Amino acid sequence: MSAQQEQRRLTAPDIRARKGGEPIVSLTSYHAHTARLVDQYCDVILVGDSLGMVMHGLETTVPVTLDMMILQGHAVMRGSKHALIVVDMPFGSYEASREQAFASAARVMKETGCGAIKLEGGTRMAETIRFLVERGVPVMGHVGLTPQSINTIGSFRAQGREEKDWGPIEADARAVADAGAFSVVIEAVAEPLARRITGQVAVPTIGIGASPACDGQILVLEDMLGLSPRVPKFVRRYGDLGPGIEAAIKGYAADVRKRAFPGPEHVYGMRGKS
Ligand code: KIV
């Protein structure tokens, strides 16, 4: 196998083919430098609209724009070479009509070079997903807790906590899969429900606060690194980088204030010369 073949980027059909196979590893990234790190270990990098809350300090993802997604999607493409890059469609860029969704998705794909888009919603978005897929746009679905609907659902609480509420969520996942999505994110739903959906749909499920039985898992990078001020209860932290970063900044500020900051003489070997 040539080096060029080894470096081939994963595609939506590659991920689709992982149903029931090796678990799909996925994280978010919004920058070239984190993408470079994440790319070494992940199959899918999601440029999530969570960037609105994580990078910009917004209260919800609702104000995120298509331009914000395109700018960061492009950065992540530049920083990665192996993973499938999926860019989230932000609120208001796809819900009005199939045509609006196609125009927005085409812009995202042309301007970032990403391999797929993600959009939120189940049964209500199925027709749009079919329209996009038939026209060459690979779509990742997103059901369960759909944060862009915060103003109608009222809170970021887990969905399907009681068995009587499972039906519509199962129907959503099936509708997305039947419409041609290559995978579906299941966010914050009861574990047995996510397990059941995974058994029912023909495409890989990617869980976030869902079930270890899902075909893959995704987390927001900054949440699992301990960099986000508020994280959902289900997030397992794999790092605690906040205090380390703070200590480095504190050390730098102290050096500057003491005038102990190294000057160029240390760099250019001019020590002792005036
Ligand atoms: O925006 C995002 O980061 C997401 C993940 C939480 C799945 O949609």
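Select arginine 135 and phenylalanine 131 in this predicted model. The charged end of arginine 135 lies over the ring of phenylalanine 131, at 3.6 Å from the ring centre. With the aromatic ring of phenylalanine 131 still displayed, one may ask how many aromatic pairs a search of the whole structure finds. The search returns 0 such pairs.

Next, select the ligand, which occupies the largest pocket. Display the residues that surround the ligand: Thr28, Leu46, Gly48, Asp49, Ser50, Asp88, Lys118, His142, Ile208 and Val220. Coloured by class, this shell separates into 3 nonpolar, 4 polar and 3 charged residues.

Within the shell, turn to three side chains in succession. Which distances separate their polar atoms from oxygen atoms of the ligand?

- Aspartate 49: a polar side-chain atom is placed 3.0 Å from a ligand oxygen.
- Aspartate 88: an N or O atom of the side chain is 3.2 Å from an oxygen atom of the ligand.
- Lysine 118: a side-chain N or O atom lies 2.9 Å from a ligand oxygen.

Finally, display the surface of the ligand. On its own, the ligand has 260 Å² of accessible area, and the protein covers 94% of that area.

Note on methods: Residues are numbered from 1 along each chain as its sequence is written. This is a predicted model: local features need pLDDT of at least 70, side-chain atom pairs count only at pLDDT 80 or more; totals for chains, interfaces and linings use all residues. Side-chain values use heavy atoms; hydrogens and water are left out. Rings of Phe, Tyr and Trp (its six-membered ring) pair if their centres lie within 6.5 Å; planes under 30 degrees apart count as stacked, over 60 as edge-to-face and the rest as tilted. A charge sits over a ring if NZ of Lys or CZ of Arg is within 6 Å of the ring centre and within 35 degrees of the ring normal. A residue is near a molecule or strand if one of its heavy atoms lies within 4 Å of it. A polar contact is a pair of N or O atoms within 3.5 Å; within protein, one must be able to donate a hydrogen and the other to accept it, and residues adjacent in sequence count only if both atoms are side-chain atoms. Accessible areas come from the Shrake-Rupley method with a 1.4 Å probe; for residues, only the protein chains shown count as cover. On a 1 Å grid over the protein atoms alone, a cavity is a set of points where a 1.4 Å probe fits but cannot get out, and a pocket is an open set with protein on both sides within 12 Å along at least five of seven lines; lining residues have an atom within 4 Å of a point. A molecule sits in a cavity or pocket if more than half of its atoms lie within 2 Å of its grid points. Ala, Val, Leu, Ile, Met, Phe, Trp, Tyr, Cys and Pro count as nonpolar, Asp, Glu, Lys and Arg as charged, and the others, Gly among them, as polar.
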